[in-house]
Amino acid sequence: MKLNERSLVCYATCDSPADNAGFLSKKGERNTAYHRRWFVLKGNMLFYFEERESREPVGVIILEGCTVELCEAAEEFAFAIKFDCAKARTYVLAAESQAAMESWVKSLSRASFDYMRLVVKELEKQLEEMQRGLAGSRSVQRRSPIYRKTKPALCNGCAVWNNAPCVDTLPAGDGPGGLADSGSGKPPVCPGTVCFSKLHDWYGREITELRREWQESHKL
Amino acid sequence: MRYSERELLSLSRQPAEKAAEILMRAPKKGSVLKKRLVKLVVNFLFYFRTDEAEPIGALLLEHCKINKEEENVFSISFIEEPDRKYSFECDTEEQCQEWIEALRRASYEFMRRSLIFYRNEIQKMTGKDPLEQYGISEEARFQLGTRKL
């Protein structure tokens, strides 16, 4: 099966932050000797390099539909990544300390796209419920339709919570992350030519008041 | 770079977020549009010959741009090679927009930013970190700003 390998290599080696990185010993598939490799976890992709400075990964393990568990092995601090599918390979890895092993097991077991999606949906639901609760408690007509929308600007592929001076000059930090083309349609946050910082202040005042009311009514 | 075909194959059989028969053209010069079954599963876009059970290929949708091209057409390109485009021609403009929307949300990185956004919003409203109840507030992947390892 073809795979966009060049892009994967770029994803693995570019500056974007990794969710975990470190040396692990990997048990060979046929030759059962362990090889020390530099591992980098980004999203649901676990890349491994021959050396920390290598320019290209030796390989990648796709972390979907797998379980991570401790296991008995020739090496200390060993754990295994197991897949559900038939004849699937089990990857046996060994960390260099108890703490490293625990850190890896934790980050790998939560690395799947499905897990991330679950957490996002849960938070999205919580936020929607809060906003609906607030909308109900206000009898005055709302002037800002954006507040009822639950996904402000997210369909543009970027989160717009940072207080950038203008909506069309979002910081470069949002750059190489699948940002939508600016021709993708109206950004829902910005009606007409209102500058983002003005919008931010405008909503900010309303939000502060609403939050105060909500907290009072819920006696947090 | 080594990767497991078995893992990919197994993934391609999972329930899809979205699937359709779409005309697809590879980035290579001189490529023609071919009818493919295109299937979106997590952050992978698999493409099959319409009568085959195994995909011809897969695209990992990280660090990519989904571009609207001419009518009914969108393309996928990757950051390191913006001119190299995989083109897709849909039946209708509506279908085209639906795919663009779905593909833009299909990356792990997009979801991470969404999560951080919602977390931040909820924290602002309630003064509490919503991830605390799950015991995952300290996880590196949920942190705002640069994470150094």
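Chain A is divided into three parts: domain 1 spans residues 5-111, domain 2 spans residues 116-145, and domain 3 spans residues 150-219. The model described here is predicted. Between the C-alpha centres of domain 1 and domain 2 of chain A the distance is 39 Å.

These two domains meet again in the description of the nonpolar interior. The largest nonpolar core comprises 44 residues, and the members with the most contacts inside it are A:Leu8, A:Met45 and A:Phe47 together with B:Leu8, B:Phe44, B:Phe46 and B:Leu115. Helix H3 of chain A, residues 113-137, provides the largest share of this core, namely 8 residues. Domain 1 (5-111) and domain 2 (116-145) of chain A each contribute at least three residues to this core.

The surroundings of B:Leu8 illustrate how residues of the two chains come into contact. When residues up to four places away in sequence are not counted, B:Leu8 touches A:Met1, A:Leu3 and A:Ile62 from chain A, and B:Tyr3, B:Phe44, B:Phe46 and B:Ala58 from chain B. Another core, of 24 residues, lies apart from the largest one; among its members are B:Val38, B:Cys64, B:Phe74 and B:Ala102.

From the cores the account turns to an open space. The second largest pocket encloses about 520 Å³. Its lining consists of 24 residues, and those nearest the centre of the pocket are A:Lys2, B:Ala26, B:Pro27, B:Tyr47 and B:Tyr86. In composition, the lining of this pocket has 10 nonpolar, 3 polar and 11 charged residues. Several elements each supply at least two residues of this lining: from chain A, strand E1 (2-3) and helix H1 (5-13); from chain B, strand E1 (18-25), strand E2 (34-41), strand E3 (44-49), strand E4 (57-60) and strand E7 (81-89).

Two loop residues of chain B merit attention for their backbone geometry. B:His63 is located in the loop between E4 and strand E5 (64-68) of chain B. Although B:His63 is not a glycine, its phi is positive, at about 55 degrees. B:His63 counts as buried because its relative accessibility is 8%, and buried means under 20%.

Further along chain B, the loop between E5 and strand E6 (73-78) contains B:Asn72. Phi of B:Asn72 is near 70 degrees, again a positive value in a residue other than glycine. With a relative accessible area of 16%, B:Asn72 is buried.

Technical notes
Residues numbered from 1 in each chain as written. Chains lettered and ligands numbered in written order. Predicted model: local features only at pLDDT ≥ 70, side-chain atom pairs only at ≥ 80, totals over all residues. Heavy atoms only, no water. Core = buried A, V, L, I, M, F, W, Y, C linked by side-chain atoms within 4.5 Å. Buried < 20%, exposed > 50% of the residue type's maximum accessible area, 1.4 Å probe, protein only. Helix = DSSP H or I, 4+ residues; strand = E, 2+ residues; numbered from the N terminus. Domains from an automatic or database assignment. Contact = heavy atoms within 4.5 Å. 1 Å grid on protein atoms, 1.4 Å probe; cavity = no way out; pocket = protein on both sides within 12 Å on 5 of 7 lines; lining within 4 Å. Points joined across faces, edges and corners; volume = space filled by probe spheres on them. Nonpolar A, V, L, I, M, F, W, Y, C, P; charged D, E, K, R; others polar.
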